[in-house]
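Please look at how the strands of this chain are paired. The text below goes through the pairings one at a time.

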Amino acid sequence: QVQLVESGGGLVQAGGSLRLSCVISGRLASINAMGWYRQAPGLQREFVARIINGDTTIYTDSVKGRFTIFGDNTRNTVYLQMNDLKPEDTAVYYCNAGRYSSGTYYSNSWGQGTQVTVST
């Protein structure tokens, strides 16, 4: 099992930027992918972005070109840089860690979540 601690959420005006951080600790050898999900009030948690083996990245369509996921192995941290934020990006953002094996993703752990609020 691994432990995840997020930070960096806050209140920002539309068009602004935020950077979320997620520090991972524990059995790191069991992990080869980390990502971000979000959950808005009354909606299901949805996938936002993932980085696999430190270099392959995937994004949901609504954030492509605006969000960037990247990692710093020296700090055991994964980041989500969010630019040109929109009110519809408002949600609690959760860090996730897991492993890809034979084309299947297996989730391992979730962080506690960090609130992102984008005002008009």
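Start with a hairpin in this predicted model. At one point in the hairpin, Ser101 stands opposite Thr104 in β10. The two strands concerned are β9 and β10 (residues 104-110), which are antiparallel and share six bridges. Two residues lie between the strands of this hairpin, and Ser102 has a positive phi near 55° there.

Strands of a sheet are held in pairs by backbone hydrogen bonds, and the pairing is either parallel or antiparallel.

Strand β9 has further pairings. Which residues make up β9, and how many bridges join β4 to this strand? Strand β9 covers residues 91-101, and seven bridges join strand β4 (residues 33-39) to it in an antiparallel arrangement. One point to find in this pairing is Gly35, whose bridge partner in β9 is Asn96. Strand β9 also pairs with strand β11 (residues 114-119), again antiparallel, over three bridges. Here Tyr93 has Thr114 of β11 as its bridge partner.

Now turn to another group of strands. An open sheet is formed by four strands in the order β1-β3-β8-β7, with antiparallel pairing. Its edge strands are β1 (2-7) and β7 (67-72), each of which pairs on one side only. On average, neighbouring strands of this sheet are turned by 20° against each other, direction ignored.

Within the order β1-β3-β8-β7, strand β3 (residues 18-26) and strand β8 (residues 77-82) are antiparallel and share six bridges. To locate this pairing in the structure, find Leu20, whose bridge partner in β8 is Leu80.

Notes: Residues are numbered from 1 along each chain as its sequence is written. This is a predicted model: local features need pLDDT of at least 70, side-chain atom pairs count only at pLDDT 80 or more; totals for chains, interfaces and linings use all residues. Side-chain values use heavy atoms; hydrogens and water are left out. Two strands pair if DSSP finds at least two bridges between them. Axes are lines fitted to C-alpha atoms, for helices over the stretch in contact, and angles run from 0 to 180 degrees between N-to-C directions.
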